[in-house]
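Visitor: Could you take me on a close look at the aromatic rings of this protein? I would like to see how they are arranged and what sits around them.

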Amino acid sequence: MNQEILNFAPQRLWQHFEALNAIPRASKNEAQVIDFIKNFGIGLGLETTIDQVGNVLIRKPATAGYEDRAGVILQGHLDMVHQKNSDKQFDFASQGIESYVEDGWLKAHGTTLGADNGIGVASIMAVLSATDLKHGPLEALFTIDEETGMTGAFALEPGFLQGKILLNTDTEDEGELCIGCAGGIDTNVSLEYQPVPSGSKRSAFQIAVTGLRGGHSGCDIHLGRGNANKIINRLLWDAFRAYEIEIATVDGGGLRNAIPRESFATITVPNYHLATWQEAVTGQFLQIKAELEVAEPGLSLTIEPAEFPLQVIDPATQVNLLNAIYAAPCGVIRMSDSIPGLVETSTNLARVLAKEGLVSIQFLTRSSVDSAKLDLAKQVQALFELAGGQAVHEGSYPGWRPNQDSKILAEMRQLYEELFHVAPQVNAVHAGLECGIIGRHYPQLDMISFGPTIKNPHSPDEKCDIASVEKYWKFLVATLAFVRKGVRPSPARA
């Protein structure tokens with residue numbers, strides 16, 4: 001446990017965050033954190049319910065005198081992205097996150113921090129455990145599996161929630177009120193191949209592309225960061241044509257919603273090319289590094305001797321695979337016409353794994369326009385079918401359409417200006433939020449998403465701006481105390 005952050009303001013929030021970060025909570029493996037939140041609610045003497053998939057709902061009565069306020073639902077997701085650097089020895093199933101403070105930011109040693117969405121969850125816990133806040137009837141909804149399918153939000157049943165306003169705590173720029181998000185769809189490609197014996201008079205090497213920043217495949221996709229799967233394929237594509245390499249294995253990327261930071265390939269090279277091939281690949285890599293010198297200053301290439309593989313990918317499949325990955329769309333495809341600066345449509349080539357007769361490739365496509373989302377997913381499907389593969393689309397979830405006439409938006413905009421003497425930004429995000437799905441179940445809900453500043457989520461470079469957490473908390477507390485039909489509490493009292 002990091003004792004230093006236990007003294008940060010607001011203390012109650014940070015204490016809950018540290019307790020939460022001691023618990024494994026990978027998507028689809030949330031049993032421990034579900035029990036933790038259930039016991040937390042029961043321990044407070046509050047009505048606590050778990051639905052059929054593991055979503056936890058805790059109800060807290062209104063403060064005396066606030067019983068007539070509209071019911072508010074505070075919502076966050078329990079799971080976090082488990083990512084670590086390849087050289088970090090860490091077991092997410094048994095170890096707590098190792099956080100530290102640097103230059104006003106909270107970070108983690110070689111792993112994701114869990115601020116996404118752990119800070120939001122901790123803030124909701126702090127509201128539930130507080131005895132000194134003013135608020136109307138509250139419901140705290142803790143959903144499961146947001147990061148790999150949003151299955152918790154999808155499984156919500158009618159009547160489970162009673163509130164009229166939903167405050168989602170899962171956006172990552174303090175001072176921004178989010179009123180819309182992109183939808184998404186997974187495309188899983190499979191390409192079978194016939195393993196064939198490696199050629200004779202060859203040497204084996206492992207190529208490793210590492211050191212990229214990675215990040216959230218929605219929020220960070222516009223930053224021009226490198227994709228390790230695309231970079232290593234670019235090197236292999238040329239090396240195959242010029243130096244007759246054979247590919248034995250490829251292992252690149254990790255989670256579908258993270259921009260790939262690392263990719264590895266085991267290859268064989270004819271011995272008569274040994275004097276020239278490595279220099280040529282290194283030269284090509286330096287060109288790529290120069291292209292990305294601002295976005296990816298840590299980009300690195302290593303080429304090391306490897307154990308000689310007995311089998312490699314058959315030549316026809318190798319050609320098809322290299323061509324298809326090279327041609328595959330990746331990154332920003334279209335910007336929004338209605339919201340300046342917002343990405344409308346993108347796709348992330350998240351994962352490539354080739355071994356033992358099967359290539360598995362995973363894309364996550366996002367768009368605020370459903371027809372564009374499906375069209376791009378079909379482009380990926382068509383490309384890999386031409387290469388002899390099969391593609392299956394799954395996990396499609398809707399976007400959240402902005403409502404500029406939202407009453408809670410108007411209230412929160414005015415309140416933010418009163419508190420901080422500056423207007424908040426009102427925006428939509430190119431990321432998946434559960435608001436779109438929850439809104440399908442409960443169309444009457446008035447929804448806003450907001451949170452503190454978190455950078456590089458979904459990567460080991462994830463960090464949280466400590467000062468922004470206190471500001472977010474002050475805004476959250478003041479929002480809960482608002483009086484829709486009368487005079488709002490002054491900033492001094494909030």
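Guide: Happy to! Let's begin where a charge meets a ring: the charged end of Arg241 sits over the ring of Trp237, with 3.8 Å to the ring centre. Please keep in mind that this is a predicted model. A lysine gives another example, since Lys463 lies over the face of Trp105, at 4.5 Å from the centre of that ring.

Now to rings that meet other rings. A pair of aromatic rings is described by the distance of the centres and the angle of the planes. With centres within 6.5 Å as the cut-off for a pair, the count comes to 10 aromatic pairs. One of them is formed by Phe90 and Phe92, an edge-to-face pair with 4.9 Å from centre to centre and 70° between the planes. Both partners are tucked away: Phe90 is buried, at a relative accessible area of 11%, and Phe92 is buried too, at 13%.

Compare that with Phe205 and Trp277, whose ring centres are 5.1 Å apart. Their planes stand at 55°, so this pair counts as tilted. Here the chain brings together distant parts: Phe205 belongs to strand 11 (residues 202–210), Trp277 belongs to helix 6, and 72 residues separate them. Phe205 has 11% relative accessibility and therefore counts as buried, because the limit for buried is under 20%. Trp277 is buried as well, with a relative accessible area of 0%.

While we are at helix 6 (277–291), have a look at the loop between strand 13 (263–270) and this helix, where you will find His273. With a relative accessibility of 14%, His273 counts as buried. Leaving aside residues up to four places away in sequence, His273 touches Ala242, Tyr243 and Glu244. In sequence numbering, that brings us back to the stretch where we began, with Arg241 over the ring of Trp237.

To finish the aromatic tour, move along to a group of rings. Tyr416, Phe420, Phe450, Tyr472 and Phe475 are linked into a cluster by ring pairs.

One more aromatic residue deserves a stop, this time within a helix: Phe40 is among the buried residues of helix 2, together with Val33, Ile34, Ile37 and Gly41. These buried residues cover an arc of only 125° around the axis, which means that they lie on the same side of helix 2. Among the elements that cover them are helix 1 (11–20), helix 3 (115–129) and strand 6 (138–143). On the face turned away from the buried side, helix 2 carries the exposed residues Ala31, Ile42 and Gly43.

Terms used. Residues numbered from 1 in each chain as written. Predicted model: local features only at pLDDT ≥ 70, side-chain atom pairs only at ≥ 80, totals over all residues. Heavy atoms only, no water. Buried < 20%, exposed > 50% of the residue type's maximum accessible area, 1.4 Å probe, protein only. Helix = DSSP H or I, 4+ residues; strand = E, 2+ residues; numbered from the N terminus. Arc of directions from axis to C-beta. Contact = heavy atoms within 4.5 Å. Phe/Tyr/Trp six-rings, centres within 6.5 Å; stacked < 30°, edge-to-face > 60°. Lys NZ or Arg CZ within 6 Å of the ring centre and 35° of its normal.
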